[in-house]
Amino acid sequence: MKMLFKQRMFSWFDSYDIYDEYGNTLFVVKGQLSWGHCLRIFDAAGCPVGCVKEKIFTWMPQFELYTGEDDYVGCLSRELTLFRPSYHIDCNGWCIEGSFWEWDYDILAPNRHTVAHIAKELWNWTDTYTIEVADLRDALCALMVVLAIDAEKCSRNNHT
């Protein structure tokens, strides 16, 4: 399954629309005012299906992932590295391998099977990513990982 992740051009908080390859809305992501990033995920009918919350007062950025209203499923944290950002996922045994520029990366299962491939489209007015998910059941968790990485990169770029 292929999902297109597009940031809305004019919004006060982080706001994204997630489409399938045919242009149908799959998810709507709405940022809300809070300490740190808090991104709520809704299905096409407007029902809450997930949330990504930044933990504050941590040494390195950390994001907790929730399905439904408050069902904790894991955490994504940035690791201390010298040349390129590296992330640790405590969710489904997954890991991330990516490019130097953080525009293309894979989410891998413990058996090294690709769960999702993420690629940034470079020539758009707003951040646009394609997320290719091998199994539809992994789509929401893969989306939450992408949202957490994008939020961490946004925070890092605003502080440098």
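A residue is called buried here when its relative accessible area is under 20%. By that cut-off Cys-91, with a relative accessible area of 2%, is buried. This reading, like every other in this passage, comes from a predicted model.

The overall architecture is a good place to start. The secondary structure of the protein consists of one helix and 12 strands. Along the sequence, the pattern runs β-β-β-β-β-β-β-β-β-β-β-β-α, with the helix following the strands. Of the 160 residues in the protein, 44% are buried. The accessible surface amounts to about 9,300 Å², and carbon and sulfur atoms account for 56% of that surface. When contacts between residues at least 6 apart in sequence are considered, 29% of them join residues at least 24 apart.

Next comes the interior. The largest nonpolar core contains 39 residues, and helix α1 supplies the largest share of this core, with 12 residues. The residues with the most contacts inside the core are Phe-5, Ile-41, Leu-76, Ile-131, Leu-143, Val-145 and Leu-147. Phe-5 offers a helpful view of the packing. With neighbours within four places in sequence left aside, the contacts of Phe-5 include Ile-131, Leu-143 and Leu-147, three residues that are also listed among those with the most contacts inside the core. Phe-5 further touches Tyr-16, Asp-17 and Ile-18, as well as Asp-127, Thr-128 and Tyr-129. Val-146 and Asp-150 complete the set of contacts made by Phe-5.

Strand β12, which spans residues 128-133, holds Thr-130. Thr-130 is buried because its relative accessible area is 8%, below the 20% limit. Beyond residues up to four places away in sequence, Thr-130 touches Lys-2, Met-3 and Leu-4. The other contacts of Thr-130 in that count are with His-117, Ile-118, Ala-119 and Glu-121.

The cysteines deserve a closer look. How many disulfides does the structure hold? The total is zero. A pair of cysteine sulfur atoms would have to lie within 2.5 Å to be assigned as a disulfide. The sulfur of Cys-91 is 4.3 Å from the closest cysteine sulfur, that of Cys-141, and is therefore too far away for a bond. For Cys-75, the closest cysteine sulfur belongs to Cys-91 at 9.8 Å, so this distance is also too far for a bond. Cys-75 is buried, at a relative accessible area of 12%, and Cys-91 is likewise buried, at 2%.

Charged side chains form three salt bridges. In one of them, Arg-78 meets Glu-152 with an N to O distance of 3.4 Å. This pair links distant parts of the chain, since Arg-78 belongs to strand β7 (residues 71-79) and Glu-152 to helix α1 (residues 139-159), 74 residues apart. Both Arg-78 and Glu-152 are buried.

Another salt bridge joins Arg-112 to Glu-97, with the closest N and O atoms 2.1 Å apart. Here too the pair links distant parts of the chain: Arg-112 sits in the loop between β10 (104-108) and β11 (114-120), while Glu-97 lies in strand β9 (residues 95-98), 15 residues apart. Arg-112 is partly exposed, with a relative accessible area of 45%, and Glu-97 is partly exposed as well, at 41% relative accessibility. The remaining salt bridge pairs Arg-137 with Asp-135, whose closest N and O atoms are 2.6 Å apart. Arg-137 is exposed because its relative accessibility is 71%, over the 50% limit. Asp-135, at 25%, counts as partly exposed.

Backbone geometry brings Arg-112 back into the picture. The phi of Arg-112 is near 70°, a positive value in a residue other than glycine. Asn-92 also has a positive phi, of about 60°, although Asn-92 is not a glycine. Which loop holds Asn-92? Asn-92 is placed in the loop between β8 (86-90) and β9, whereas Arg-112 is found in the loop between β10 and β11.

Key. Residues numbered from 1 in each chain as written. Predicted model: local features only at pLDDT ≥ 70, side-chain atom pairs only at ≥ 80, totals over all residues. Heavy atoms only, no water. Buried < 20%, exposed > 50% of the residue type's maximum accessible area, 1.4 Å probe, protein only. Salt bridge = Lys/Arg side-chain N within 4 Å of Asp/Glu carboxyl O. Helix = DSSP H or I, 4+ residues; strand = E, 2+ residues; numbered from the N terminus. Contact = heavy atoms within 4.5 Å. Core = buried A, V, L, I, M, F, W, Y, C linked by side-chain atoms within 4.5 Å. Areas by Shrake-Rupley, 256 points an atom, 1.4 Å probe, with all protein chains shown as cover.
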